[in-house]
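The points below are offered as a note for a colleague who is opening this structure for the first time. They may be read alongside the sequence and the model shown here.

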Amino acid sequence: MSEALHVMAAVIRGSDGRILIARRGSHQDQGGLWEFPGGKLEPGEARLDGLRRELHEELGIDVQAARPLIGVLHHYPKRSVWLDVWLVSSFSGEAHGAEGQPLRWVEPAALDAYAFPEANRPIVTAAQLPERYLITPELDDLGRLCDGLEQALTGGIRLVQLRQNQLDAPAYAAWAEQLLARFDGRIDWLFKGSHAPHWPGAGWHLRASQLGEVSREELARCSGWTAASCHNANELQQALALGVDFVTLSPLLPTASHPQATPLGWEQAAALLRDFPKPAYLLGGLTTPQLPEAWQHGAQGIAGIRGLWR
Ligand SMILES: Nc1nc2c([nH]c(=O)n2[C@@H]2O[C@H](COP(=O)(O)OP(=O)(O)OP(=O)(O)O)[C@@H](O)[C@H]2O)c(=O)[nH]1
Ligand SMILES: [Mg+2]
């Protein structure tokens with residue numbers, strides 16, 4: 001990372017949820033492609049200061065609230081860049097292309113239609129994913145699960161993994177089908193098991209043990225989000241090679257559901273994520289008030305069963 005060019009970039013989210021993108025000048029590196037505004041950090045400059053300076057220079061705005069979103073180390077043929085991307089949720093001033101660059105405010109889902117530099121794929125994903133990923137508790141009753149999900153939705157959850165390890169495959173499929181119909185369009189689902197990719201619109205969450213069994217092609221056929229459970233550097237590399245959209249990294253802290261596992265702790269998790277260019281949710285013993293700590297340690301946010309249920 002030492003030789004990589006440290007670039008500060010911003011996913012700027014307006015009050016209506018849309019995101020600001022700019023088109024790079026044709027004379028610039030990656031010319032003509034869309035980008036997240038920002039630029040090179042100067043020697044000795046603090047990260048947030050660099051971000052503020054770049055956004056002032058390029059857009060004429062003053063940052064009021066920002067936090068780390070994702071770090072992406074990318075090797076272009078000519079040079080390596082460390083894209084240090086922050087989410088800007090509040091700013092003053094009217095954004096305009098101060099260097100003559102065209103700007104556009106875009107719905108997060110519509111970002112897929114724009115041509116970005118190669119390094120930007122995980123940034124687009126990070127801009128689209130929420131900060132919390134709910135994993136369902138194992139319940140013996142579908143009605144209770146639905147009630148809990150309604151409450152979670154009220155609390156702002158919209159990304160959910162259906163974990164029901166007590167069910168056999170046919171029973172799991174029956175629940176999945178009913179849940180898809182009931183929460184139509186309100187939840188982004190990730191299902192588990194080998195049958196998961198067959199539901200249109202639903203995502204697929206791989207267990208760590210599936211990382212060596214599933215192919216890139218199989219994963220690419222899934223029409224929703226794809227994710228994997230990772231616990232160490234090796235599994236993160238496997239997930240990266242398969243091309244999943246995001247991962248969970250666990251266990252961060254001791255948990256009741258996995259009492260035998262050794263927790264990673266904050267520092268080890270941060271070290272693993274520094275070299276991992278995809279959004280990652282930290283999992284294990286975390287609750288919503290720990291979100292800022294997760295962001296500071298390089299995570300997209302937190303995942304959880306008990307911590308996010310009710
Ligand atoms: N700002 C920005 N740079 C990106 C993105 N994606 C990406 O690969 N880069 C790369 O990061 C590098 C530095 O960005 P930059 O050209 O904005 O730097 P800068 O504002 O200081 O520009 P300057 O050298 O024209 O003064 C470029 O090689 C650029 O291609 C992105 O989304 N935003
Ligand atoms: Mg720039």
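1. A residue is taken to be near a molecule if its C-beta atom, placed from the backbone, lies within 6 Å of that molecule. The model under discussion is a predicted one. On that footing, 15 residues surround ligand 1, and those that come nearest are Gln30, Glu35, Gly38, Gly39 and Pro117.

2. Which strands supply at least two residues each to the shell around ligand 1? They are strand 1, strand 4 and strand 6. Strand 4 gives the most, contributing three residues. Sorted by class, the shell holds seven nonpolar, five polar and three charged residues.

3. The strands named above are also linked by pairing. Strand 1, residues 5-13, runs parallel to strand 6, residues 80-92, and eight bridges connect them. Strand 4, residues 38-40, is antiparallel to strand 1 and is joined to it by three bridges. Within strand 4, Lys40 is the residue that stands opposite Val7.

4. Strand 1 has a further partner in strand 2, residues 19-23, with which it pairs in the antiparallel sense over two bridges. These two strands form a hairpin with five residues between them. In the turn, Gly17 has a positive phi of about 90°.

5. Ile12 deserves a separate remark. Its bridge partner in strand 6 is Val88, and its bridge partner in strand 2 is Leu20.

6. Turning to the helices, helix 3 covers residues 142-154 and has 13 residues. From its first C-alpha to its last it reaches 19 Å, which is close to the 18 Å expected at 1.5 Å a residue. Gly156 follows helix 3 and has a positive phi, near 100°.

7. Which residues of helix 7 are buried? In this helix, residues 266-274, they are Ala269, Leu272 and Leu273. Seen down the axis of helix 7, the buried residues fall within an arc of 95°, and they therefore line one face of the helix. As general background, an α-helix has 3.6 residues a turn, so residues three or four places apart point the same way.

8. The buried residues of helix 7 are covered by elements that include helix 6 (233-242), strand 13 (246-249) and strand 14 (280-283).

Key: Residues are numbered from 1 along each chain as its sequence is written. Chains are lettered from A and ligands numbered from 1 in the order in which they are written. This is a predicted model: local features need pLDDT of at least 70, side-chain atom pairs count only at pLDDT 80 or more; totals for chains, interfaces and linings use all residues. Two strands pair if DSSP finds at least two bridges between them. Helices (H or I, at least four residues) and strands (E, at least two) are DSSP runs, numbered from the N terminus. Ala, Val, Leu, Ile, Met, Phe, Trp, Tyr, Cys and Pro count as nonpolar, Asp, Glu, Lys and Arg as charged, and the others, Gly among them, as polar. A residue is buried if 20 or more other C-beta atoms lie within 10 Å of its own, exposed if 12 or fewer, and partly exposed in between; C-beta atoms are placed from the backbone. The arc is that of the directions from the helix axis to the C-beta atoms. Two residues are in contact if their C-beta atoms, placed from the backbone, lie within 7 Å. The expected span of a helix is 1.5 Å times one less than its number of residues.
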